[in-house]
Amino acid sequence: MTTDPRAHPAMADAPFPPARADRRVLALLLLLACAVRCITYGNPALGFDEQFYLLVGDRMLHGDLPYVDIFDRKPVGIFLIYAGIRLLGGDGFVQYKLVATLFVFAAAALIYLLARHRAGRTGATLAAALYILWLNFMEGEGGQTPVFYNPLVIGAAALWFGALRTPDRLGRHAAAAMLLFGIAIQIKYTVVVEGAMVGCAFLWLAWRQGMGWWRIALLAAGMIALALIPTLLALLYYAAIGQGETFLFANFLSVFGQGRGGAQSQIGNLAKVAALFLPFALIALLGSGAIRRAWVGPSAWFIALWLAAAAFAILAYWRFNSPHYAIPLLPPLCLALAPALDRWRRTGLGIAALALIAGQIVQFELRALKGGEAEMRAVAAAAAPRGGCIFIYDGYPGLYLMTRSCLPSRWAFPGHLNAEDENNAQALGVAPVAETQAILARRPDAIVDTLPVFRFGNRDTRAVLYRALRRDYRPVLCVRTARDKLRVVYRRKDEVWPVQTGQCPAELRGDAARPDNSPS
């Protein structure tokens, strides 16, 4: 008769000793994470968000402060991570992807170890592998925020499972879990929803153990305080230097001025994101019997509530322009499906194999759509500053770092000035038109734009840009990053610069720029 605690669902919450085979699986998961992501390592044009995080991290090492010198809404924690990455040397683009790979492995390893409480080794391995593979479909192939905070969230969940197995350590596990959530919240604020759910789960454990109401209230107060400590420390620092209002506006108030696009557009994007999870639905349907049999004890309900909390946070934010917003669903979903993957091993292996191949195809397609290293470096060479700043109106924010340009504005992320969702002072703390006029009045050495124009772009700032381009600039380079997309570099008419406009549309060739006739 077996004594393996995974042999019967009723023993799903029992501890088990680590095995050599488990360590071999973890090594395999690390190899898989590197293999499926290595295609991205040499591509600095991977994602605009992470290019910007790297830029801010680099500027922090040179004395700039997020919010004060460079505006954004993300918590300071993500910028501190990228500042630490810049200390590794190099240009930062390869380094941040390698560090992100380690975070992906950490998340997958935790998923595997937790899944081993609910499924056999094969099901747990497939659950962890699907987490790694699915990131390539959700713009998680680089350094988006969920890549960095998911291991912290999974770690906090693991501490809850630990408290379930060892009730005498509940207080210590709860404290450590809330500190992990506190750090995660300083990477992305939406994590607070999952943190609240896990906090309530700890309180339920306390009640289950017979803890008195006053002690439960004290435990709750202590957990809330621990979860808030990193954010409060950041706020206190900014307040101490006289920038408390700047911190509060950027982190908590500006989001209410940001548009969300039309309901029809968001619902369409939500449908596309939901379609990415159809293979998971197939696994759940085929393995429904195995999932029901494993649905034993508090751990099953915890995973279900975790999944619900992650889904609620995503829906409440109501922004589906990128599938990476849904990445927090992956950890609880993979854990929930581990028993089904154990039962339907061949199906799981088939889906994983198809995902491995399709994920690489997706990366090739993304390179074709956004450009790769050759395209980005060509744009950087043409936009190189000559003593002044360049202005990235619509294009790679990493060009500021690659060209070692100064920043023309606090609002250095292109989307802040070129997107219709940001077209009000309540979203940015400044009128976008006024800021664009101020930047152009300083006559940047070069301006980078994209054609055709962004469908949801800011028409007001673009009109200001076009007037300046007609008056003072001429195109010197067009780089095709997709069949219908061009990155265009403009330089001042009063400087001598080699012109390579062979790929430019007819209306942009020659000495005079005619952006008013550009495609719309």
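This is a short tour of one predicted model, stop by stop. Because the model is predicted, local features need pLDDT of at least 70 and side-chain atom pairs count only at pLDDT 80 or more, while totals for chains, interfaces and linings use all residues. Residues are numbered from 1 along each chain as its sequence is written, and side-chain values use heavy atoms, with hydrogens and water left out.

**Stop 1: the sheet**

Select residues 390-392 and 473-482 to pick out strand 1 and strand 3, the edge strands, each pairing on one side only. They belong to an open sheet of 4 strands in the order 1-2-4-3, with mixed pairing. Helices (H or I, at least four residues) and strands (E, at least two) are DSSP runs, numbered from the N terminus, and two strands pair if DSSP finds at least two bridges between them. Strands of a sheet pair through backbone hydrogen bonds, either parallel or antiparallel.

Now add residues 446-451, which are strand 2; this strand pairs with strand 1 in the parallel sense over 3 bridges. Zoom in on I392 and you'll find its bridge partner, V448, in strand 2.

**Stop 2: helices across the sheet**

Show residues 459-472: that's helix 22, lying across strand 1, strand 2, strand 3 and strand 4, at about 125° to strand 2. Then show helix 17 (residues 373-382), which lies across strand 2, strand 3 and strand 4 (485-492) and runs at about 175° to strand 3. Axes here are lines fitted to C-alpha atoms, for helices over the stretch in contact (heavy atoms within 4.5 Å), and angles run from 0 to 180 degrees between N-to-C directions.

**Stop 3: the rings**

Which rings meet around F302? Select W160 and F302 for a stacked pair, 4.2 Å centre to centre with 10° between the planes. Rings of Phe, Tyr and Trp (its six-membered ring) pair if their centres lie within 6.5 Å; planes under 30 degrees apart are stacked, over 60 edge-to-face and the rest tilted. W160 sits in helix 6 (residues 145-165) and F302 in helix 14 (residues 298-317), so this pair ties together parts 142 residues apart in sequence. Add F161: its ring centre is 5.3 Å from that of F302 and the planes are at 70°, so this pair is edge-to-face.

**Stop 4: a charge over a ring**

Finish at R491, whose charged end sits over the ring of W497, 3.7 Å from its centre. The rule: NZ of Lys or CZ of Arg within 6 Å of the ring centre and within 35 degrees of the ring normal.
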